[in-house]
Amino acid sequence: MEERSNRNLDVTSTLHSPISGIWWFFAIAVCVKLLLIPSYHSTDFEVHRHWLAITNSLPLSQWYLDETSPWTLDYPPFFAYFERFLSIFANLVDPQIVDLQKGLNYNSNTVIYFQRITVIVSDLCLLYGVFRLTKKLDSKRRKSIWVLVIWSPMLMIVDHLHFQYNGFLLGILLISLSYLEEGNDLMGGFIFAVLLCLKHLFAVAAPVYFVYLLRHYCWGGVLRGFRRLSAMGTVVVAVFVAAYGPFVYHGQIQQVISRMFPFGRGLCHAYWAPNFWVFYIILDKGLAFFLRKLGFNIQTPAASFTGGLVGDSSPFAVLPKITPLTTFLMVLLALCPCLIQVWRNPQPRKITRWVAYAYMCGFLFGWHVHEKASLHFVIPLAIVAVQSMDDAKHYFMLSIVSCYSLFPLLYEAQEYPIKVLLLLLHSLLMWLGFSALFESGKAMKTTSLKKKEVKRSSNTSAQEKGFSIGWIEKSYLIGIIIVEIWGQFVHPLVLGDKFPFIPLMLISIYSTIGVVYSWIWQLKWIVKSVGP
């Protein structure tokens, strides 16, 4: 009898273990992703198919020289190696997928299923990263993060509808952060170096990594510091040599760098990402309009943004042209409070928040930012969201507005119910998850409050009421509904086909307000934390 009860306990503990639990979450996500396979996909689908063909059909020395298609290879070498690995299986499935000429714009069922499934399988990297970051948390916090990350509607939209490999790349970022939180700085730095050689746009967080590793890992005594600095430097250099060494050997490093950093693409992407430069563009257009009305000869730029191809990068009629150096300095300036805190008090438990803040700075002030880059801070902040009620409230609004800002990516009518349903379901699950998470600690908080001052008890009494958001956040979220109703129903009825850019512009402007509000909230948190 005792033996049977022990066996039942073992089975129960296995069912409720983090490993088995997270697999259930992943399996449900996979089922949804499989249902999305036949849906719309963007030009990024052909971009990645063409990269399969380049890396399979051409020798390494020609990968960054090929111009068979406008969609030239412009990711770092490790991602090219990743495409080369996938191309081995693509060639087995359907040789035309990797044919450099016959494969152009190839859109058969075999290539669609193959590429969609590669994204799903590569999400195992995300699964592992989430598991490492949550394995020591209590059950409710762990499952809340799983819902926010593994069931992220943003990843569904960007990776499994629009088509990209962000889950794979963000998984590597989370693995790196998990090692840093555990105190294994050398491994965390190594994995981040690998990530930079997969996608260079993650380099926005490099200053945070540099300051943190220098202060937390290398600082403390001349000999110890030199030994550790040498070890970290050797590891990072080895990664970059493995990535770029073959192209240095072939004398192509300059070509690789020019492909990775095509500054001629301009300040803004084809669809404005909700960042600071939206306000700059609107101000320029407003000034140009009024000056023309006053009789000034203000020329209208040929194009205000680009479609991802290298072209004119001077879209402004009145205001000064913004250069890549300007955006770089603005990002660095916005990062300064965070870097100061990292240097003064390098705590492993805060590194995820700091890195997320860095990516938010890059998103708001960076050069040619894609709207999809909001994933870089929304996914890491999901780890932070369960730490306090304030973090949960902030994340609730930020994740909704960030997901809503991606709606224009799916512009076909048949995808509209999908993106709306994903966002509504995500909002509901967040609300239920945060409500359960913070209600469960009521009694514990009440007991601890009796031992603290009255001032703090008044702050916590609000928490005992459960999860809720303030009137500012509520008003803003209601505004999203109004903007969407205007764009989908009112605008077509009132204005018809006139001014078709207005709904997209409203989404971009309104989303920018939400992201800026969240950035200010994070900045205030950073500034308050800076101290001796």
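This is a chat between a trainee and a mentor about a predicted protein model.

Trainee: Hi! Where do I start? How many helices and strands does the protein have?

Mentor: Welcome! Keep in mind that this model is predicted. The secondary structure comes to 23 helices and zero strands.

Trainee: And what share of the residues counts as buried?

Mentor: The protein has 532 residues, and 51% of them count as buried.

Trainee: What about the outside? What supplies the area that the protein exposes?

Mentor: About 25100 Å² is exposed, and carbon and sulfur atoms supply 68% of that.

Trainee: Okay, let's go inside. How many residues are in the largest nonpolar core?

Mentor: There are 149 residues in that core. Those touching the most other members are Leu 173, Val 208, Tyr 209, Val 355, Phe 377, Tyr 395 and Phe 434.

Trainee: Which helix gives the largest share of this core?

Mentor: That would be helix 16, residues 351-365, with twelve residues in the core.

Trainee: You listed Val 355 just now. What does Val 355 touch?

Mentor: If we skip residues up to four places away in sequence, Val 355 touches Leu 173, Leu 177, Ala 205, Val 208 and Tyr 209.

Trainee: Which residues belong to the other core, apart from the largest one?

Mentor: That other core has nine residues, including Leu 267, Phe 316, Leu 319 and Trp 367.

Trainee: New topic! Which residues form the nonpolar patch on the surface?

Mentor: The patch is formed by Ile 19, Trp 23, Leu 34, Tyr 113, Ile 117, Val 121 and Leu 124. Together they have about 640 Å² of accessible area.

Trainee: Which helices each supply at least two residues of that patch?

Mentor: Helix 2 (18-35) and helix 5 (109-122) do. Val 121, for example, is found in helix 5.

Trainee: Why is Val 121 called partly exposed?

Mentor: Its relative accessible area is 48%, and partly exposed covers values between 20% and 50%.

Trainee: Back to helix 2. Is Phe 25 buried or exposed?

Mentor: Phe 25 is found in helix 2, and it counts as buried because its relative accessibility is 13%, with the cut-off for buried being under 20%.

Trainee: What is Phe 25 in contact with?

Mentor: Leaving aside neighbours within four places in sequence, Phe 25 is in contact with Lys 143, Trp 146, Val 147, Ile 150 and Trp 151. Phe 25 and Lys 143 are 118 residues apart in sequence, yet their C-alpha atoms are 8.9 Å apart in space.

Trainee: What share of contacts joins residues at least 24 apart?

Mentor: Among contacts between residues at least 6 apart in sequence, 77% do so.

Trainee: I also clicked on His 426. Where is His 426 found?

Mentor: His 426 is found in helix 19, residues 416-439. It is buried, with a relative accessible area of 7%. Beyond its neighbours within four places in sequence, His 426 is in contact with Leu 148, Pro 153 and Ser 399.

Trainee: Last one: what is the phi of Asn 105?

Mentor: It is near 60°, a positive value in a residue other than glycine. Most residues other than glycine have a negative phi. Asn 105 lies in the loop between helix 4 (77-93) and helix 5, and is exposed at 62% relative accessible area.

Trainee: And where does Phe 499 lie?

Mentor: Phe 499 lies in the loop between helix 22 (471-494) and helix 23 (501-529). Phe 499 has a positive phi of about 50° although it is not a glycine, and is partly exposed, with a relative accessible area of 46%.

Note on methods. Residues are numbered from 1 along each chain as its sequence is written. This is a predicted model: local features need pLDDT of at least 70, side-chain atom pairs count only at pLDDT 80 or more; totals for chains, interfaces and linings use all residues. Side-chain values use heavy atoms; hydrogens and water are left out. A nonpolar core is a set of buried Ala, Val, Leu, Ile, Met, Phe, Trp, Tyr and Cys residues joined through side-chain atoms within 4.5 Å. Buried means under 20% relative accessible area, exposed over 50%, partly exposed in between (1.4 Å probe, protein chains only). Helices (H or I, at least four residues) and strands (E, at least two) are DSSP runs, numbered from the N terminus. Contact means heavy atoms within 4.5 Å. Patches are made of residues with over 30% relative accessible area and no salt bridge: like charges are joined within 9 Å, nonpolar side chains (Val, Leu, Ile, Met, Phe, Trp, Tyr) within 5 Å. Accessible areas come from the Shrake-Rupley method with a 1.4 Å probe; for residues, only the protein chains shown count as cover. A salt bridge is a side-chain nitrogen of Lys or Arg within 4 Å of a carboxyl oxygen of Asp or Glu.
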